[in-house]
Amino acid sequence: MTVVALLANPPREGLVGTAIADSTPLSPAEAADLYEAQFRDAVLAVERSGGELLVNYPDEDDLPADYRTETSPEAELRTLVADTLGGTDEVRFERQVGSSFGARAGNTVTHLLREEGADSVAVVTPTAPLLSRTIVDSAAMKLRTTEVVLGPSSNGRAYYAGFTRPIDFDGAFEAPALPTLAERGRDADRSVDFVEPSPSLETGDDLLDVVPMLRARFAAERVVPDYTAAFVHEKGLDVVVEDGEQRLVRD
C-alpha cells in the first residue's frame, strides 16, 4: 500500500489561489474556494484508491501573519476531510516540517520510508485537478518494481512523485520539477518511470487547459472530479477565442 501524502494549506482567501485571482475573473475568495474544491477531490481520489491518505498540514506559526486565524490548519483541514468523506477515521494527519516545499516533502517521504517502514510514499498537492483513483493505483503498481514514479504535468511540473527509496530532495521540486526529480532519481541510482500526464491547476493559464478538458468530459459523459467540476459549472466558466487568443470567461 502506498502512503499518499497530500501537502495542503488551509483554503484561506489570499493564502491560496493567488495566481488565479490575479489573472482571471475569479475573486480571491473564489480562487480559495477552487483550491478547496481541488483539495476535496484529491482526498476523494486517494480514498477511492488502494492508497493510504496522509494529510500534511502546515503549522499555524509557519503561515504569514495576515493569514493566521483562531482555527488551526489541522482543524480546518480535518473538518473538510470529515465533510468530504463522512469522517476521518481512515486518514492520517501530520504537521509539515521544513523551510521549503522540497524540504517538507522530503522529510515526509524519508520519515515514512525509513522510520515507519512504508513500502512506498507519494507526494501530491491539491493542484492536480484530474488526479484519480486510476492514476493513484496505476502509480502504486509501478512502484512495486520501480523506485521513483513521476506524473508529468505542463510546464515541466510533476503532479505526482512516488518513491520506494529516498533521493536528494533539496530543491528537487523547484521549477522545472519533472526533469529535476528524474535526474535526482538517476543520480541516486534509482529506477525511474512515469504515469500518464495530467494538468496542474495553479495559474490562470492552467485554467485555459483544465476548463476545456472538464467541459469535454461533461459532453462525453465521462468521469470528472466532483468538486472541481461543480465549481466550474456553478461559476459558468468557459474558454473562448477572441482575436486569436484564448480567454477565460464566466456567466
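The following paragraphs go through a predicted model, from the overall chain to its two largest pockets and then to one buried arginine.

The chain contains eight helices and nine strands. Its C-alpha atoms occupy a box of roughly 50 × 40 × 30 Å along the principal axes. For 251 residues, a compact globule would be expected to have a radius of gyration near 18 Å, and the chain, at 18 Å, agrees with that expectation. Half of the picture lies inside: 50% of the 251 residues count as buried. On the outside, the accessible surface amounts to about 11800 Å², and carbon and sulfur atoms account for 44% of that area. The contacts can be sorted by separation along the sequence. Of those between residues at least 6 apart, 65% join residues at least 24 apart.

Next come the pockets. Rolling a probe the size of a water molecule over the atoms shows where empty space is left. The largest pocket holds about 880 Å³ of space. Its lining consists of 42 residues, and those nearest the centre are Asn9, Phe101, Thr125, Thr127 and Glu202. Several elements each supply at least two lining residues: the helices α1 (18-23), α2 and α4 (101-115), together with the strands β4 (120-124) and β6 (158-163). Sorted by class, the lining of the largest pocket comprises 26 nonpolar, eleven polar and five charged residues.

The second largest pocket has a volume of about 460 Å³. Twenty residues line this pocket, with Leu130, Ser132, Arg133, Arg217 and Val223 lying nearest its centre. Two or more lining residues come from each of α2 and α5 (133-142). Helix α2 gives the largest share, four residues. By class, the lining of the second largest pocket has ten nonpolar, three polar and seven charged residues. Helix α2 thus appears in both accounts, as a contributor to the lining of the largest pocket and to that of the second largest.

Helix α2 spans residues 28-48 and includes Arg40. Is Arg40 buried or exposed? Its relative accessibility is 8%, so Arg40 counts as buried, the limit for that class being under 20%. Which residues does Arg40 touch, leaving aside its neighbours within four places in sequence? The contacts of Arg40 are with Leu80, Asp83, Thr84 and Tyr227.

Technical notes. Residues numbered from 1 in each chain as written. Predicted model: local features only at pLDDT ≥ 70, side-chain atom pairs only at ≥ 80, totals over all residues. Heavy atoms only, no water. Buried < 20%, exposed > 50% of the residue type's maximum accessible area, 1.4 Å probe, protein only. Contact = heavy atoms within 4.5 Å. 1 Å grid on protein atoms, 1.4 Å probe; cavity = no way out; pocket = protein on both sides within 12 Å on 5 of 7 lines; lining within 4 Å. Points joined across faces, edges and corners; volume = space filled by probe spheres on them. Nonpolar A, V, L, I, M, F, W, Y, C, P; charged D, E, K, R; others polar. Rg over C-alpha atoms; globule rule 2.2 N^0.38 Å. Areas by Shrake-Rupley, 256 points an atom, 1.4 Å probe, with all protein chains shown as cover.
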